[in-house]
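Trainee: I'm new to this structure and would like a close look at a single part of it. Pick one stretch, please, and take me through it slowly, then show me a few other spots for comparison.

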Amino acid sequence: MSSAPLETHASPPHDLPVLDWTHRLTQLGPRFFTPLQPTPVDAPRWAARNEALRTELGWPAELFDDDHLQAFAGNALLVGSQPLATVYSGHQFGQWAGQLGDGRAIWLGEAASQLGPQEIQLKGAGRTPYSRGGDGRAVLRSSIREYLCSEAMHGLGIPTTRALCLVASPEPVRRETLESAAVVARVAPSFLRFGHFEHFSAQGDNDSLRALADHAIAHHLPECHARAERWQGNVYAALLDEAQERTAKLLAQWQAVGFCHGVMNTDNMSLLGLTIDYGPFQFMDGFDPGHICNHSDHQGRYAYGRQPNVAYWNLYCLAQALAPLIDDHEMTLQVLEGYKTLFPRYLGDAMRAKLGLTGALAPESEREADWTLVEDMMQLMAAEKVDFTLFWRQLSLAVVQQSQAPTLTDAGWSTVTDLVLDRPRLLAWLARFAARAGHTHFAAMGQQMLRTNPKFVLRNHLAEIAIRKAQAGDFSEIEILHTLLKSPFDEHPGFEAYADLPPDWADQLEISCSS
């Protein structure tokens, strides 16, 4: 693939790299990417620096000094980086979209860290050969949402790409209105997507497909070698199996916190089972299985309740892409069947944990009874669109207050019963819940629930407030939210307003694929 013309970029004033680069992706060769440099942006300034992540990675503090601002804006190069954009294809809203690729994300390289090798991308750093007529930019609005949500998901214990820092610029960017630009630096062990495999499979380039799969197994999923024993030594079937199990676990975690991704195209699905590409996402306020968070999703393909089946559909697309390597149709179908067993089990465990009912070795009859308890509560919540996050947190707090299995006249339950209109139905459910808990010490059970049901999530209106302040030049709200969201199960006294029901105006917020 031909390289885009390179612009002249200065490097930060350091003779030696501040990171220990490895760049294993580049070993794949030019069929997989196009080398290019970021496009400079006007008058960059720091909007947020994730010191907690930098410390986790063991990367030096100087990475966030002003000398490196230009590098994270795309105006200079980190010493030792090898910027490029990768090519992939995919299905978008259920239709084959052909070649796509990194249209505005530029891969800087892979660097050693205390968490293992991590790849770094600049999202919004300018056009690439895969921009398809786009400007290659990201706006401040969407970049704040990505920065905060990736760290919120990490705080919840959900696999995700991470956000290292955020740079803002006054440079104008045209979307529905004229907005300002931003660049977010994100890191992950790998940014490989289902779509990378679809691309070479669709071209009939089995040599490249095999090289990509071998790269993924060798560098990111070496456990596939042991897993291959389940599949007659077929390591490519094991790769699909690993992907489907990671995806099943991820989707269960999404559903358990009321998270809607919004645009689950195959090119937005991580091979490693990470949450990736934060666009028109939303943590639900009122519980509604049919909730559509993406204003552009006119058919509701990616509604909350459809996400698990969409993930299976996407895995089927990945299976089709890997079919030339697996070379056994029946085996491929058998691998995919695993999702139909694993996802319900992972979701059941996640929802049981929300009720303090832990124990992966619980007998099947107990699991089924617990799931009935969960389903009945979800039906009540859906009927009244009860606030998802607030209900589970208030239930947890109420359980903590009980010294033993409760009498349902206790005033301690009022914070829960006040959330619903059908109080008799809720009280009947609470009686069943108390009976299921049996002689379990309720207070200890509640503490477990408090470590499972967050107090804080990135509600749309919270992100919107931070965005409006940032657009006026005040980035302080980003830091406040980041502090709360990186430890969402803690109480954070004095910040109760961030855990309240959303204001009325939040219902008017619309999010779409435009970012």
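Mentor: Let's take one helix and its surroundings, then visit some other places along the chain.

A bit of housekeeping first. This is a predicted model, where local features need pLDDT of at least 70 and side-chain atom pairs count only at pLDDT 80 or more, while totals for chains, interfaces and linings use all residues. Numbering starts from 1 along each chain as its sequence is written, and side-chain values use heavy atoms, with hydrogens and water left out.

Our part is helix H11, residues 388–400. Helices (H or I, at least four residues) and strands (E, at least two) are DSSP runs, numbered from the N terminus. H11 has 13 residues and spans 19 Å from its first C-alpha to its last, which is close to the 18 Å expected at 1.5 Å a residue. That expected span is 1.5 Å times one less than the number of residues.

Now, how enclosed is H11 by the rest of the structure? Of its 13 residues, 11 are buried, so the helix is largely enclosed. Buried means under 20% relative accessible area, exposed means over 50%, and partly exposed is in between, using a 1.4 Å probe and protein chains only. Among the buried residues of H11 are Phe 388, Phe 391, Trp 392, Arg 393 and Val 399. As for what covers them, look for helices H7 (235–257), H9 (329–354), H10 (364–384), H12 (414–417), H13 (423–437) and H14 (442–450), which are included in the cover. Covering here rests on contact, meaning heavy atoms within 4.5 Å.

Back up a little to where H11 starts. There, a side-chain oxygen of Asp 387 comes to within 2.9 Å of the backbone nitrogen of Leu 390. That's a polar contact: a pair of N or O atoms within 3.5 Å where, within protein, one must be able to donate a hydrogen and the other to accept it, and residues adjacent in sequence count only if both atoms are side-chain atoms.

In the loop between H10 and H11 you'll find Lys 385. Its phi is near 50°, a positive value in a residue other than glycine. Most residues other than glycine have a negative phi. Asp 327 also has a positive phi, about 60°, and isn't a glycine either. It sits in the loop between helix H8 (307–326) and H9, and with a relative accessible area of 66% it is exposed.

Next, follow H14, another of the covering helices, into the loop between it and helix H15 (460–471), where Thr 452 lies. Thr 452 counts as buried at 19% relative accessibility. Its side chain reaches the backbone oxygen of Gln 448 at 3.0 Å. Leaving aside neighbours within four places in sequence, Thr 452 is in contact with Ala 353, Lys 354 and Phe 489.

For another buried spot, go to Phe 32, in the segment before strand E1 (33–35). Phe 32 has 4% relative accessibility and counts as buried. Not counting residues up to four places away in sequence, Phe 32 touches several others, including Thr 86, Val 87, Phe 200 and Leu 212. Phe 32 and Val 87 are 55 residues apart in sequence, yet their C-alphas are 5.9 Å apart in space.

Pro 170, in strand E9 (residues 162–174), gives you an exposed spot, at 55% relative accessibility. Beyond its neighbours within four places, Pro 170 contacts Asp 42, Ala 43 and Ser 180.

One hairpin is worth a stop too. Strands E4 (residues 89–92) and E5 (residues 95–99) pair in the antiparallel sense over 3 bridges; strands pair if DSSP finds at least two bridges between them. Gln 92 has Gln 95 as its bridge partner, and His 91 has Trp 96. Of the 2 residues between the strands, Phe 93 takes a positive phi near 50°.

Finally, two rings with charges over them. A charge counts as sitting over a ring if NZ of Lys or CZ of Arg is within 6 Å of the ring centre and within 35 degrees of the ring normal. Arg 145 lies over the face of Phe 281, 4.0 Å from the ring centre, and Arg 468 lies over Trp 505 at 5.0 Å.
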